[in-house]
Amino acid sequence: MNVIFVAPRFSPAASQMIEAALSLGHVRLCVVAQEPLEALPASMAQRLAGHWRVDDVTDTAQLEWAVQSLAQRHGAIARCFAAFEQAQGPLARVRERLGIPGLPSSAAANFRDKAQMKTVLRAAGIPVARHRVLHSLQDAQAFVREVGYPIVVKPPAGAGARATERLENDEALHRAMQRHAPSPHDPMLAEEFLRGVEHSLETVTLGGTPLWHSITRYAPTPLEVLEHPWIQWTVLLPREHDDPAYDDIRHVGDRALKALGMTTGVSHCEWFRRPDGTLAISEIAARPPGAQMTTMISRAHNFDFVRAWMTLMIDGTFAAPPRQFAVGTAYLRGQGQGRVVGIEGLDVMQRELGELVCDAHIPSVGQVPSGSYEGEGFVMLRHPDTQVVSNALRRVISTVRVHLG
């Protein structure tokens, strides 16, 4: 079976996905990327059936040229997909033009355009944040009159919390509108600010039917993390993912995926539990989650979730063993400015929590800050008791400090 996987660069996450696909013995894997084949480890590169470099994996014409060229060299392409959110729409259009099965372009547009997504969800009766597409300062002022401050503004085709801002007053609104200058050709998306505890819902869907769910809880929210570069944050994946307390979001999440047109794949939904107990969906992506969450799921179930995703996308099958552990990740973020000059608290963490650590990336002295909300490193913890993991996460972020200078 000829399969094409698309990735902008051979990042650690993309390389892990490529390795997972290569482990499926019946797959002849080709890769389309913006990097040359030499950027991929030789042990992986030599097992690829083909590689095609393009300048931009989000350009439909370049993708179509790459897929057609690989098909001419290697035969008919059975599957063509990516985890990179920005490539979902272009890939869907290429698949439709070339007769390759996969998520339809109409559904890809629903997931990619966050304003369109919320319009579709609201029409289906799904609780979502109120929103408005902004073409001008006047649009923004009208939205504020409707929902009040604070509001959140972001690009309509943003990914996760990136490029997202919270605006608290008129002065901040005017500065943001001057900086971004929204127009009919380059709009912004405004949303009401959702209060409460933020979570994610991961769903495995096959042929439009949800098969499996996972839940995580963020502390604090990713937006707060972006606003405060010094905050070290955590994600907790509880062992009790089938707890009745989550029945409402599983039901609402399934309805949301049906409304958006999900077919086969893993989706990542970010949602809030409001102070009054109700829920609201922030946004949904038709891709696996980032921020080490696929590894967390793997550790919770003692299996390879990335390989299971590849099997789902290629063969249309999915199986996961029962969840045996709660897993949590603490993201280590540098304090100050400059490069990493030291890390304190590692000895205390190792002494108190070492037996819980299942994965870690500890920053090294001299390391350049990532500039990402994931920070300079992470510590992942695992235990059968969710409360033990929750307590340990708080201990990590209060003990370990990454100093910049």
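Among contacts in the protein between residues at least 6 apart in sequence, 67% connect residues at least 24 apart. This fold comes from a predicted model, in which 14 helices and 19 strands were assigned. The radius of gyration is 22 Å, close to the 22 Å that the globule rule gives for 405 residues, so the protein is as compact as a globular protein of that length. Measured out along the principal axes is a job for the C-alpha trace, which spans about 55 × 55 × 45 Å. The accessible surface comes to about 16,900 Å², and carbon and sulfur atoms account for 51% of this area. Of the 405 residues, 54% count as buried. As for charge, the protein carries 40 positive and 42 negative side chains, and the centres of these two sets are 2 Å apart.

We may turn next to the nonpolar interior. The largest nonpolar core holds 50 residues, and the members that touch the most others are F5, I18, L29, W309 and M310. Helix α12 (residues 305-315) supplies the largest share of this core, with 8 residues. The surroundings of I18 give a closer view: leaving aside residues up to four places away in sequence, I18 touches F5, F10, L29, V31, L40, M44 and L48. Two of these partners, F5 and L29, are themselves listed among the core members with the most contacts to other members. A second core, separate from the largest one, contains 24 residues, including F111, I249, W271 and I281.

Helix α4 offers a useful local example. This helix covers residues 88-98, and its buried residues are Q88, G89, P90, L91, A92, V94 and R95. An α-helix has 3.6 residues a turn, so residues three or four places apart point the same way. The cover over the buried residues of α4 includes two strands, β1 (2-7) and β4 (79-82), together with the helices α3 (60-74) and α5 (105-112). Just after α4 comes G99, with a positive phi near 75 degrees.

A further buried site is found at T234, in strand β11 (residues 234-237). The relative accessible area of T234 is 8%, so this residue is buried. Its contacts, not counting residues up to four places away in sequence, reach R217, Y218 and A219, then T329, A330 and Y331, and also L393 and I397.

Methods. Residues numbered from 1 in each chain as written. Predicted model: local features only at pLDDT ≥ 70, side-chain atom pairs only at ≥ 80, totals over all residues. Heavy atoms only, no water. Helix = DSSP H or I, 4+ residues; strand = E, 2+ residues; numbered from the N terminus. Rg over C-alpha atoms; globule rule 2.2 N^0.38 Å. Buried < 20%, exposed > 50% of the residue type's maximum accessible area, 1.4 Å probe, protein only. Contact = heavy atoms within 4.5 Å. Areas by Shrake-Rupley, 256 points an atom, 1.4 Å probe, with all protein chains shown as cover. Lys, Arg positive; Asp, Glu negative; His and termini not counted. Charge placed at Lys NZ, Arg CZ, Asp CG, Glu CD. Core = buried A, V, L, I, M, F, W, Y, C linked by side-chain atoms within 4.5 Å.
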